[in-house]
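Okay, thanks for coming, everyone. I'll walk you through one model today, so let me put it up on the screen.

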Amino acid sequence: MVVEIAIYLLTLFGSLSFVGAVGNSGYLNSGFQRGFAGVSTQIVSSNFLLNYTNAESFIRAAWEGQIGLTGYIFIGSLAALAITWASNLYNYRQAII
């Protein structure tokens, strides 16, 4: 459950960053277009990560301690990335690269 929430959260941040960058460049002028693009990007990317890659199994193994200390460090860095990403989206309305 926690792994799925983390993947949904990270793909949500990714889609917000993508749609924000495209919107700033002049595309997606209406709110409906931005909303549709953001939701579709998030759904497609989260379904891909949950069903077609090893990302979910690796994160789950790290969360459950099967990888050891390295897995916990990975989970901590993933959490730090999510917090930083959320802060940048909130404060600057874009992902800072």
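Let's start with charges: there is one salt bridge in the whole structure, taking a salt bridge as a side-chain nitrogen of Lys or Arg within 4 Å of a carboxyl oxygen of Asp or Glu. The partners are E56 and R60, whose side chains come together at 2.8 Å, N to O.

Before I go on, the ground rules. This is a predicted model, so local features need pLDDT of at least 70 and side-chain atom pairs count only at pLDDT 80 or more, while totals for chains, interfaces and linings use all residues. Residues are numbered from 1 along each chain as its sequence is written, and side-chain values use heavy atoms, with hydrogens and water left out.

Back to that pair. Both E56 and R60 sit in helix α3, four residues apart, or about one turn of the helix. Helices here are DSSP runs of H or I, at least four residues long, and strands are E runs of at least two, numbered from the N terminus. As a reminder, an α-helix has 3.6 residues a turn, so residues three or four places apart point the same way.

Is E56 buried or exposed? With a relative accessibility of 18%, E56 counts as buried; the cut-offs are under 20% relative accessible area for buried, over 50% for exposed, and partly exposed in between, using a 1.4 Å probe and protein chains only. R60, at 27%, is partly exposed. The buried residues of α3 are E56, I59, A61 and A62. Just after α3, G65 has a positive phi of about 85°.

Now zoom out. The chain has four helices and zero strands, so to speak an α-α-α-α run from the N terminus. The C-alpha trace spans about 45 × 30 × 20 Å along its principal axes. Of the 97 residues, 24% count as buried.

What makes up the largest nonpolar core? Eleven residues: V3, I7, L10, F13, L50, I59, A62, I75, L78, A82 and L89. By nonpolar core I mean a set of buried Ala, Val, Leu, Ile, Met, Phe, Trp, Tyr and Cys residues joined through side-chain atoms within 4.5 Å. The elements that each give two or more residues to this core are α1 (2-24), α3 (55-63) and α4 (69-92).

So how do α1 and α4 pack? Their axes are 10 Å apart, at an angle of about 35°; axes are lines fitted to C-alpha atoms, for helices over the stretch in contact, and angles run from 0 to 180 degrees between N-to-C directions. On the α1 side the contact is made by L10, F13, G14, L16 and S17, and on the α4 side by L78, A82, W85, A86 and L89. Contact means heavy atoms within 4.5 Å.

Two more residues to click on. Y72 is in helix α4 and is partly exposed, with a relative accessible area of 47%. Leaving out residues up to four places away in sequence, Y72 touches A62, W63, E64 and G65. From Y72 to F58 the C-alpha distance is 12 Å, with their positions 14 residues apart in sequence.

Then there's V44, in helix α2 (residues 31-51). V44 counts as exposed, at 58% relative accessibility. V44 and N54 are ten residues apart in sequence and 16 Å apart in space, C-alpha to C-alpha.
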